[in-house]
Amino acid sequence: MMMEAPAREPVNFAGLLKDAVFAAAIAFGLFSLMLGLKTDQTLNNQMVLVPRPGLLATVVGLVFIGRFLIGYWQAINAGKIKKRKAAATPLALKIEKYGTAAFVGFLFVYPMMVLGTAGPSGAIKWIDNLGIQILIYIMLGWGLNIVVGLAGLLDLGYVAFYAVGAYSYALLATSEPVKEFMAGAVGPTFWPLWAFWICLPVAGILAAFWGVLLGFPVLRLRGDYLAIVTLAFGEIIRLVLINWVEFSGGYAGISSIPRPSFFGVPFNATESGFAATFGLEFTPIYRTIFLFYVILILALITALVSTRLRRLPVGRAWEALREDEIACRSLGINTVNTKLTAFAIGAMFGGFAGAFFAARQGFISPESFVFLESAQILAIVVLGGMGSLLGVVIASILLVGGVELLRELDFLKAYFGDNFDPAQYRMLIFGACMVLMMLWKPRGLISVREPSVFLKEKKAVSSDLVKEGHG
Amino acid sequence: MEVFVQQLINGVTLGAVYGLIAIGYTMVFGIIGMVNFAHGDVFMISAFVALICFMAVTALAGMTGGAVFLALLVALIVSMIVTSLFSWTIERVAYRKLRGSFRLAPLISAIGMSILLMNFVQVAQGARNKPIPPIMRDTISLFEKDGFVVAISYKQILIILVTAVLLGIFWYVVQKTPLGRAQRACEQDQKMAALLGINVDRTIAVTFIMGAALAAVAGTMFLTYYGVVVFSDGFVPGVKAFTAAVLGGIGSLPGAVLGGMLIGLIETFWSAYFSIDYKDVAAFSILAIVLIFMPQGLLGKPEVEKV
């Protein structure tokens with residue numbers, strides 16, 4: 001078939017206008033009740049409707065303009081034939097390799113940089129709210145990536161393992177019998193100082209155990225069914241934590257969880273504290289920086305383990321399982337063990353992250369382990385490009401970091417009035433971003449994968465060729 | 001015995017609401033094979049639309065018996081229209097482009113849509129509970145024994161009647177009209193249906209609209225029954241309705257209604273005889289147990305795995 005470059009057609013403005021009017025009419029239909037009238041309660045608890053015609057007109061106007069501009073943009077680009085990008089270049093792999101190294105290097109100097117520019121009091125916010133928060137999600141994303149990205153098991157209840165880790169640490173560290181036993185065995189100061197370091201592996205092991213326990217019944221399920229059952233398990237664990245008050249404290253949660261020490265040296269203002277031991281002036285920033293490095297190391301261990309596992313027989317079995325379960329079984333791969341190891345190892349890293357979360361917050365409650373968290377972690381894995389470690393990092397920075405930065409937009413109050421609270425729109429924007437990013441790049445930001453087995457030459461594989469897209 | 005009959009009535013009412021939502025899940029899953037995660041939030045939006053309509057009409061016409069009835073009718077119809085529009089827009093904007101793409105993409109898009117809708121309502125209407133004045137509180141006593149009165153309220157009669165009538169209409173549309181035939185054809189094979197001249201895009205859009213209209217009925221009934229709605233009300237009924245769809249056999253319409261009834265009954269009986277705290281745990285456990293031991297559900301066809 002001959003493809004002639006078509007002459008650019010003139011933009012059909014009447015058609016564009018018609019589309020825009022149609023979109024505006026739909027928007028009016030959608031929002032006339034939901035935005036145009038606000039339900040409010042008066043002082044004596046009477047429900048009243050407050051009309052907001054200005055807001056409605058603004059939104060409908062914005063939809064009109066937006067639709068018109070999108071249509072115009074599409075019209076002027078319609079004649080151009082899109083060059084199909086060579087799906088996977090070695091360059092992309094190189095960028096991933098060196099980009100990752102550079103990024104890890106940057107992370108190690110990040111707290112110092114922030115400390116240098118913002119000073120000890122200003123730096124806490126940047127290291128804690130931004131740095132530690134993003135790193136927790138990166139670690140969770142990498143952990144879930146083992147289950148979803150490598151083994152192809154869609155898990156919507158990952159937050160359950162995060163909760164198991166957090167509650168394991170919190171319950172062990174605050175339990176009186178354990179404290180008394182430890183005080184009797186190794187002295188009274190030992191347990192509060194070392195609780196985190198002893199409970200961290202325990203939390204991981206318990207989470208892995210729960211991974212196997214919850215993984216076992218769902219071995220036969222695939223795809224969306226698996227997703228829904230894991231969602232149900234996640235909700236069951238959360239509901240039990242809420243309702244079993246004697247065990248977990250219910251809604252009130254667990255408070256005054258001991259903070260991690262610098263391998264036995266506490267972060268406080270006393271003589272034996274961290275600052276005094278190292279001859280520094282006491283500020284709370286040291287603990288924050290230490291926590292930053294702890295989660296950084298934990299996350300890097302997760303990444304290292306998952307890249308190494310990919311090259312081991314079990315990792316190859318995971319990827320084979322993702323591609324074709326029947327072929328796997330006929331080649332003699334034990335699918336039961338393969339799936340269970342994926343669940344267990346993924347859950348273990350979730351448990352580590354959970355224990356760290358409990359130690360960082362000092363307080364946990366079931367509110368932190370809602371389904372939204374699972375959705376957020378899964379979104380990070382899928383948006384990053386399943387199986388790509390760097391993709392998870394980029395997606396976490398965009399989604400978690402970008403949304404955290406909305407808290408910084410207080411200056412907008414000058415334009416929109418004092419009632420304007422940008423943080424209120426956090427999750428609204430988060431949801432919109434999820435939809436838009438899927439529409440823009442359904443396969444995620446980095447949709448190239450590095451083969452772990454190759455013949456003669458290492459060629460990158462576009463994820464378009466990977467099975468889970470068709471499953 | 002008296003408690004049992006009373007709980008049976010309550011359970012059937014609740015089950016009707018779940019069944020109506022479940023149809024939306026089961027139809028969409030049947031036709032394009034995706035879990036429309038935002039369906040629960042569409043249900044929540046319909047309850048809000050009904051609330052606003054109800055308040056607007058009663059503000060104009062007062063709270064007399066006739067006016068309340070009129071307000072409910074207007075709320076039901078407007079809610080069905082507006083909710084259908086929402087569902088149509090969601091399909092057009094967030095799902096259509098992803099059809100036939102990577103399997104997880106529509107699911108993530110739907111989860112994003114669910115978060116977006118929930119927070120849109122929170123921002124637009126506020127985070128507080130939105131109550132309506134109590135309506136139709138009268139009950140009919142069926143029988144009485146040892147001082148325990150078994151009663152059915154007008155609300156419950158209304159809900160069960162409206163559900164039954166709408167299910168009848170819906171059943172007729174799917175089984176006897178060209179539209180329903182087109183839907184069933186798309187369910188079996190979209191490419192072949194398109195070759196035979198069926199507009200697949202439009203049929204799928206209509207499926208979303210029908211699901212949303214039934215969810216709007218459920219939303220209006222939910223508002224009438226409980227008298228209160230809040231922005232986060234979409235998630236739990238949504239998951240339970242999905243459970244109902246799976247329990248009945250996903251893709252099967254009578255299955256969705258049967259599943260809804262079962263979930264409603266199990267939930268009310270669990271609350272009445274065991275513990276109200278764990279009623280959601282019971283519903284989620286049933287979902288897990290059904291999927292593990294009977295993945296095709298009660299009335300579904302078993303899925304054959306082909307190489």
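**Helices, a shared core and a chain interface in a predicted two-chain model**

In chain B, helix α8 is largely enclosed by the rest of the structure, because 20 of its 27 residues are buried. This description, like those that follow, rests on a predicted model. Helix α8(B) covers residues 200–226, and its end C-alpha atoms are 39 Å apart, which agrees with the 39 Å that 27 residues should span at 1.5 Å a residue. Just after the helix comes B:Gly227, with a positive phi near 70°.

A second helix of chain B invites a look alongside α8(B). Helix α10(B), residues 253–273, has end C-alpha atoms 30 Å apart, in agreement with the 30 Å that its 21 residues should span at 1.5 Å a residue. Helix α10(B) is mostly covered, with 15 of its 21 residues buried.

Chain A offers a helix that can be read in the same terms. Helix α13(A) runs through residues 335–361, and its 27 residues reach 39 Å from the first C-alpha to the last, close to the 39 Å expected at 1.5 Å a residue. Of these 27 residues, 22 are buried, so α13(A) is largely enclosed by the rest of the structure. The residue that follows α13(A) is A:Gly362, whose phi is positive, near 75°.

Turning to chain A as a whole, its secondary structure consists of 17 helices and four strands. Chain A has 471 residues, of which 39% count as buried. Contacts that reach far along the sequence are well represented: among those in chain A between residues at least 6 apart, 76% join residues at least 24 apart. The chain is divided into domain 1 (13–40 + 49–74) and domain 2 (99–412 + 419–469). The centres of these two domains of chain A, taken over C-alpha atoms, are separated by 40 Å.

Two of the strands of chain A make a hairpin. Strands β1(A), residues 37–41, and β2(A), residues 47–51, pair in the antiparallel sense over five bridges. One of the bridge partnerships joins A:Leu37 to A:Pro51 in β2(A). Five residues lie between the two strands of the hairpin, and A:Asn45 in the turn has a positive phi of about 60°.

The largest nonpolar core comes next. This core has 226 residues, and those with the most contacts inside it are A:Met139, A:Ile295 and B:Leu287. Helix α3(A), residues 90–150, gives the most to this core, with 17 residues. Domain 1 and domain 2 of chain A both give residues to this core, so it lies between them. Contacts of A:Ile295 can be listed by name: leaving aside neighbours within four places in sequence, this residue is in contact with A:Ile132, A:Leu135, A:Ile136, A:Met139 and A:Phe356.

The two chains also touch each other directly, with 50 residues of chain B in contact with 49 residues of chain A. On the side of chain B that touches chain A, the elements that give two or more residues are α2 (39–61), α3 (65–95), α4 (104–125), β1 (130–131) and α11 (279–293) of chain B. The largest share of this side, 15 residues, comes from α4(B). Sorted by class, the side of chain B that touches chain A has 37 nonpolar, seven polar and six charged residues.

Helix α11(B) also holds B:Ile289. With 14 C-beta neighbours inside 10 Å, B:Ile289 counts as partly exposed, because this number falls between the limits of 12 or fewer for exposed and 20 or more for buried. The C-alpha atoms of B:Ile289 and B:Ser109 are separated by 28 Å, and the two residues are 180 residues apart along the chain.

Finally, one loop of chain A deserves a visit. A:Ala252 lies in the loop between α8 (245–248) and α9 (274–277) of chain A, and A:Ser256 is found in the loop between these helices too. A:Ala252 is exposed, because 11 other C-beta atoms lie within 10 Å, and A:Ser256 counts as exposed with 10 C-beta neighbours inside 10 Å. The backbone of A:Ser256 has a phi near 45°, a positive value in a residue other than glycine. From A:Ala252 to A:Gly66, 186 residues apart along the chain, the C-alpha separation is 46 Å.

Terms used:
Residues numbered from 1 in each chain as written. Chains lettered and ligands numbered in written order. Predicted model: local features only at pLDDT ≥ 70, side-chain atom pairs only at ≥ 80, totals over all residues. Core = buried A, V, L, I, M, F, W, Y, C linked by C-beta atoms within 7 Å. Domains from an automatic or database assignment. Contact = placed C-beta atoms within 7 Å. Nonpolar A, V, L, I, M, F, W, Y, C, P; charged D, E, K, R; others polar. Expected span 1.5 Å × (residues − 1). Pairing = 2+ DSSP bridges.
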